[in-house]
Amino acid sequence: MSVRRIGVLTSGGDSPGMNPCVRSVVRTALYHGIECYGIRRGYNGLITGDVLRLDEKNISHIINRGGTILYTARSKEFLTEEGQQRAASTCKFLGLDGIVAIGGDGTFRGAAALSKFGINVICIPATIDNDICCTNYSIGFDTAANTAIECIDKLRDTMQSHERCSVVEVMGRNAGYLAMYVGLAVGATAVLVPEKEIDFEEDVVEKIRQARMNGFTHYMIVVAEGAGSAADIAAKIKDAVDLDPRVTVLGHIQRGGCPTGRDRVNATKMGYLAVEMLINGKTNRIICTKDGSFRDVDIQEGLAMARGIQPIEVDVLAAMTGI
Ligand code: F6P
């Protein structure tokens, strides 16, 4: 079957790098003489028919822009069989030969639902949580991590001057990859992630004590939002060792800003691959990275994969914290 017209959508939480990815999908489609339509507000756009034709003028100057020009949403309606049916009908009505869905776990579940109705779908991982199990890399993680690192470096300056303890909450409702990565990069005193049950005495108090014994007079505790609130942890630290920690919740700052070069280039390559895959008749796949190269896996298989924190990551953290 020849591909004449495709759609592209971004859904779930936005992630820096979604725009370069959309740009790449559009450019690659145009390069092959394929029409490309932007589906706005995630799957809601398919339900309501909120689509617009994309060409060079829509996508110029977005390679370095955060957010997503297509808007995004977590669609409740699309979770129903009726919503999915309506979305599939829109695809058929518009004559879309394939959809490129850019987002995280929820986006991929949506794509799998669409493919049940015979719609060709290719998924691209884009979430700052980096918690898509079948891929090592997710668009936006690099930018979010670097934003958090820059903020924490700034915090450290003032914590050091005042000889204080800082508790910083980074995003990651269910996953601690961002916290772990950032914690290693800033040389945190302790890092708390949802994947590992917290022993407050060992994982926080003892780490602060060790740091003090090693001559430190300021302490940086990094906590993933899924591991507990920074405010609660700060209160417990005050109770336990009578420090007066300052709390910073980085929040959505981590999802904004210019994507890094790494995110821009990977987003561009993944967008290109997605269109090539549709042209080559592939469907129901997630593009992923493994051992430094791009692969693709079946959506259901990809969603079913489990990925805990690697033992090496736990070991490195244990050796690097509390010093
Ligand atoms: O994109 C994933 C994520 O960043 C989570 O870590 C976080 O809990 C969630 O999004 C918050 O998203 P929102 O406030 O946009 O619903």
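Two strands count as paired if DSSP finds at least two bridges between them. The model discussed here is predicted.

Me: In what order do the 7 strands of the open sheet lie?
Reply: The sheet is open and its pairing is mixed. From one strand to the next, the twist averages 30°. The order of the strands is β3-β2-β1-β4-β5-β10-β11.

Me: Which are the edge strands?
Reply: An edge strand pairs on one side only. That holds for the strand at 51-54 and for the strand at 293-298. The edge strands are therefore β3 and β11.

Me: What is the bridge partner of Ile-286 in β11?
Reply: Strand β10 covers residues 285-290 and runs antiparallel to β11, with 6 bridges joining them. In β11, the partner of Ile-286 is Val-297.

Me: What angle does the direction of helix α1 make with that of β1?
Reply: Helix α1, residues 18-31, packs on the sheet. The strands touched by α1 are β1 (5-10), β2 (35-39), β3, β4 (98-103) and β5 (121-125). The angle between the directions of α1 and β1 is about 180°.

Me: How many disulfides does a search of the whole structure find?
Reply: A disulfide needs two cysteine sulfur atoms within 2.5 Å. For Cys-21, the nearest cysteine sulfur belongs to Cys-36 and is 11 Å away. For Cys-123, the nearest is that of Cys-134, 9.0 Å away. Across the whole structure, the number of disulfides found is 0.

Me: Is Cys-123 buried or exposed?
Reply: The relative accessible area of Cys-123 is 0%. Buried means under 20%, so Cys-123 is buried.

Definitions and conventions. Residues are numbered from 1 along each chain as its sequence is written. This is a predicted model: local features need pLDDT of at least 70, side-chain atom pairs count only at pLDDT 80 or more; totals for chains, interfaces and linings use all residues. Side-chain values use heavy atoms; hydrogens and water are left out. Buried means under 20% relative accessible area, exposed over 50%, partly exposed in between (1.4 Å probe, protein chains only). Helices (H or I, at least four residues) and strands (E, at least two) are DSSP runs, numbered from the N terminus. Axes are lines fitted to C-alpha atoms, for helices over the stretch in contact, and angles run from 0 to 180 degrees between N-to-C directions. Contact means heavy atoms within 4.5 Å.
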